[in-house]
Amino acid sequence: MTPFATAAEMKSLLEARCADPHSILGCHRHSDGWVVRVFRPWASRVEIIIDQEATDLPRVHDTGLFEIVLPEADRKPDYRLRFTWPDGETTTRADAYTFWPQISEHDQHLWNEGRLDQAYHTLGARVWTADGVAGVRFAVWAPNAAGVSVVGDFNGWDGRADQMRILGSSGIWELFVPGLPVGELYKYEIRPRQGPPFLKADPFAQKRQMRPNTASVVADPSAYVWGDGEWMTLRSERNGLASPISVYEVHAGSWRRQGEAGEYWLSYREL
C-alpha cells in the first residue's frame, strides 16, 4: 500500500464507510511518480489507457482493489480506465475519482444557511460535463451517514463501487460519474454509523419509476417536450385570482366497509 492511505482509511474504503474516497482512489503523487488506485469489486481485470496504450493494473487486494505506480512525470497523467467484467464485456471511461468537487463552496454555504433557494439545481442527479467529460453529477444530503454510495444497474447495485465524498460541513455527499447516460436507474446506499446499510430513492430526482417500482431515473429536463401550449394560451386569457375554482377533498376515515368480521378501514391502496 502507498503511504498516503492509512490502515484505518483503507478499512473504511473497503467497508464503503469512507467520507473521502477521492483521497485514496484516483491518481496521486507517489515517491516514485504517480500512483493510480481503483476499487472495482467485481471487475476481473482493470487496465489504464495512456496515449492509446493499455497497461494492466495489478490486483493488490482480493476485494477488488487495483493499483499501479507510474513513472515520474511533470504533471498528472491523462488516462482512461478499461474494466473487463466476468462475462467478458468491457467498459472504458474516465476515472470518477480524478475530478474536483462539482458543487461550489458558495452553494454549500447557502445550503448551510438554508438560503439555497433553487436547491433542485444542485442536489439530485444532474446531466453534467466536467473538464470536457460528459456524465452525471450525483448529490444528496445525508449529514449523519458514515458512508454514501450511488448504486444502480450500471454498477450491479454494489455500494462499494461508486462511493461518494462529503463536502465539508454541508452534509452533502457528491460524486461525478463519467460516461453515465440518461435513463439509468439509481438509488443511494446509506451506511449509518450503526446498523446495516439501506437504499433510498433520490428526493431531488428529476424522474422516477412508475409504482410499484421505486428507483430514481437519470433524466435531462431540458430534453422534455411540453404539450401544454393550448392550456398555457388559455391561462393567459383569464384572471386566475378572480375566476371560480373547484376544490375536491377526500376524508380517508369516512371510507369504511362492512365485512364478515365486522367493520374495517380501507387501506390507502384500496382507497
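**Exercise 1. Placing Met232**

Find the element that holds Met232, then say how open to solvent this residue is.

*Solution.* Start with the position: Met232 sits in helix α3, which covers residues 229-235. Helices here are DSSP runs of H or I with at least four residues, strands are E runs of at least two, and both are numbered from the N terminus. Before going further, note that this is a predicted model, in which local features need pLDDT of at least 70, side-chain atom pairs count only at pLDDT 80 or more, and totals for chains, interfaces and linings use all residues. Residues are numbered from 1 along each chain as its sequence is written, and side-chain values use heavy atoms, with hydrogens and water left out.

Next, look at the accessibility: Met232 has a relative value of 33% and counts as partly exposed, because buried means under 20% relative accessible area, exposed means over 50%, and partly exposed is in between (1.4 Å probe, protein chains only). As a last step, take a distance: from C-alpha to C-alpha, Met232 is 47 Å from His22, and the two are 210 residues apart in sequence.

**Exercise 2. The overall form of the chain**

Compare the radius of gyration of the protein chain with that of a compact globule of 271 residues.

*Solution.* The globule rule, 2.2 Å times the number of residues to the power 0.38, with the radius taken over C-alpha atoms, gives a value near 18 Å for 271 residues, whereas the protein chain has 24 Å. Now add the extents: the C-alpha trace spans about 75 × 55 × 40 Å along its principal axes. For the make-up, count three helices and 19 strands.

Then turn to packing. Of the 271 residues, 42% are buried. Contact means heavy atoms within 4.5 Å; among contacts between residues at least 6 apart in sequence, 64% join residues at least 24 apart.

Finish with the charges: there are 29 positive and 36 negative side chains, and the centres of the two sets are 4 Å apart. Lys and Arg are the positive ones, Asp and Glu the negative ones, while His and the chain ends are not counted. Each charge is placed at NZ of Lys, CZ of Arg, CG of Asp or CD of Glu.

**Exercise 3. Two helices, face by face**

Which residues of α1 and of α2 are buried, and what covers them?

*Solution.* Take α1 (residues 7-14): Met10, Ser12 and Leu13 are its buried residues. Viewed down the axis of α1, they fall within an arc of 160 degrees, so they line one face of the helix. The arc is that of the directions from the helix axis to the C-beta atoms. The face turned away from the buried side carries exposed Ala7 and Ala8. The cover of the buried residues includes β2 (33-39) and β6 (65-70). After α1 comes Ala16, with a positive phi near 60 degrees.

Repeat this for α2 (residues 105-112), whose buried residues are Gln108, Leu110 and Trp111. Down the axis of α2 they fall within an arc of 165 degrees, so here too they line one face. Exposed Glu105 and His106 are on the face turned away from the buried side. Among the elements covering the buried residues are β10 (133-141) and β13 (172-178). Just after α2, Gly114 has a positive phi of about 75 degrees.

**Exercise 4. From a loop into β4**

Work out what phi values Asp51 and Gln52 take, then describe the surroundings of Thr55.

*Solution.* Recall the background: most residues other than glycine have a negative phi, and most peptide bonds are trans. Asp51 is in the loop between β3 (45-50) and β4, and its phi is positive, near 50 degrees. Gln52, in the loop between β3 and β4, has a positive phi near 70 degrees. As for solvent, Asp51 is exposed at 73% relative accessibility, and Gln52 is exposed at 81%.

Move on to Thr55 in strand β4 (residues 53-56), which is partly exposed at 34%. Apart from neighbours within four places in sequence, Thr55 contacts Val46, Glu47, Ile48 and Ile68. Thr55 and Ile68 are 13 residues apart in sequence, with their C-alpha atoms 9.2 Å apart.

**Exercise 5. A peptide bond to check**

What is the omega of the bond joining Arg211 and Pro212?

*Solution.* Omega is about 5 degrees, and the bond is cis. To locate it, find Pro212 in the loop between β16 (207-208) and β17 (216-217).
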